[in-house]
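User: Please show me the structure. I want to ask how its labels are justified.

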Amino acid sequence: MNDLLDKLCQNRRLDRAEWRTLLEARHSLDRQDLFARGLEERRRWYGDQIYVRGLIECSNICKNNCLYCGIRRDNRSVTRYRLDRDTILACCGKGYGWGFRTFVLQGGEDPGLTPDWVAETVAAIKGRFPDCAVTLSLGEFDRDVYQLWFDAGADRYLLRHETADPVHYGRLHPPELTLAHRLDCLRNLKDIGYQVGAGFMVGSPGQSADTLAEDFCFLQDFQPHMVGLGPFIPQKDTPFAGEPAGTLEDTLILLSLVRLTLPKVLLPATTALGTIHPQGRELGIQAGANVVMPNLSPPAARDKYTLYDNKLCTGDEAAEHLAGLKQRLAAIGCTVAVHRGDFPNS
Ligand code: 5AD
């Protein structure tokens, strides 16, 4: 197995059969060695500087019905909300004072977030905070909408591909959502000039070494600037309520493998990882992650953005406790960078 790992470190790619072999055997890899390789690669590009992004969850209204997601359309137990522009700008203002230089506007596919409203909001943020990057994570739109937002000043876009296996994609999503359309969106975003984030959940129902091999083949071909990767966590009001969560160990292994495949990638230690283990984010950083995304949403909105059960939104997960986060990072030898934190040489 180590020969495949060496090959990955040298070539930054494997063929599909090699990925399948490596992923099937991933739990028998020497973890300390794997994490050390991931950490070394992260250090080569980023040293011990961790990039922070202020996450603003601007709407939990969603027209989609993804089987895993707690804010899916059919979930009647969610109190729905949409932030107005002044509230979003106030979140950015607070975040700026705390040292955030990237704001991420994330939300469900809310028809009320019209293309023009989003464009004007992006322009307002960029006008008021010209030294900041704006990342959007609002789902699937036509190319002209993505272009409108880019022209308004948006820098980055997060759209996890969720799984690169079309059959697996069909198990996680209703029939009207297709992998082909998802990938079209990702290609359009990259083509327009965004720094683009793909990614997937670890341990989602139906995931296997085969589907993961597809994910890694996709990542090495597409070369995203960012990869969002966290454990699947069941949400009680979804069809996957009774499914097991992804594990800490598996997430750490896959984080390291992503870092070794895409050395410069912006790789968050996600909230979901912090939710399944109290040291999850630190362990993620020590396996190769280099980004954290504390929650900058207004406190009253946070408990309504329930993608999964027990989602962390207080303590050091909250942006107002950046001091606490800094202490935890200092304990593992890391510091927080006060700048936009772009993908290297883009
Ligand atoms: N567990 C973990 N992650 C989830 N997401 C949605 N629902 C869940 C869940 N139950 C992730 C999806 C989506 C991102 C915003 O959150 O991968 O792309």
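Analyst: Start with an open sheet of three strands, ordered 8-1-9, with parallel pairing. The edges are strand 8 (291–292) and strand 9 (335–337). Each has a single partner strand, so one side of each is left without a neighbour in the sheet. This is a predicted model: local features need pLDDT of at least 70, side-chain atom pairs count only at pLDDT 80 or more, and totals for chains, interfaces and linings use all residues. Residues are numbered from 1 along each chain as its sequence is written, and side-chain values use heavy atoms, with hydrogens and water left out.

User: What makes strand 1 and strand 8 a pair?

Analyst: Two strands pair if DSSP finds at least two bridges between them. Strand 1 (residues 49–52) and strand 8 have two bridges, in the parallel sense. So the definition is met. Val52 stands opposite Val292 in strand 8.

User: Why does 291–292 count as a strand?

Analyst: Strands are DSSP runs (E, at least two residues), numbered from the N terminus. Strand 8 covers 291–292, so the run qualifies.

User: Why are strand 2 and strand 7 called edge strands?

Analyst: They belong to an open sheet of six strands, order 2-3-4-5-6-7, with parallel pairing. Strand 2 (54–59) and strand 7 (226–231) each pair on one side only. The twist averages 20° from one strand to the next. Inside this sheet, five bridges join strand 3 (residues 102–107) to strand 4 (residues 133–137). Val104 stands opposite Thr135 in strand 4.

User: How do you know which way helix 5 runs relative to strand 4?

Analyst: Axes are lines fitted to C-alpha atoms, for helices over the stretch in contact (heavy atoms within 4.5 Å), and angles run from 0 to 180 degrees between N-to-C directions. Helix 5 (residues 115–128) lies across strand 3 and strand 4, at about 155° to strand 4.

User: What makes the Glu162 and Leu307 approaches to the ligand polar contacts?

Analyst: A polar contact is a pair of N or O atoms within 3.5 Å; within protein, one must be able to donate a hydrogen and the other to accept it, and residues adjacent in sequence count only if both atoms are side-chain atoms. A polar side-chain atom of Glu162 lies 2.6 Å from a ligand oxygen. For Leu307, a backbone N or O atom lies 3.4 Å from a ligand nitrogen. Both pairs therefore qualify. The protein covers 88% of the 410 Å² of accessible area that the ligand has on its own (Shrake-Rupley method, 1.4 Å probe).

Note on methods:
Helix = DSSP H or I, 4+ residues; strand = E, 2+ residues; numbered from the N terminus.
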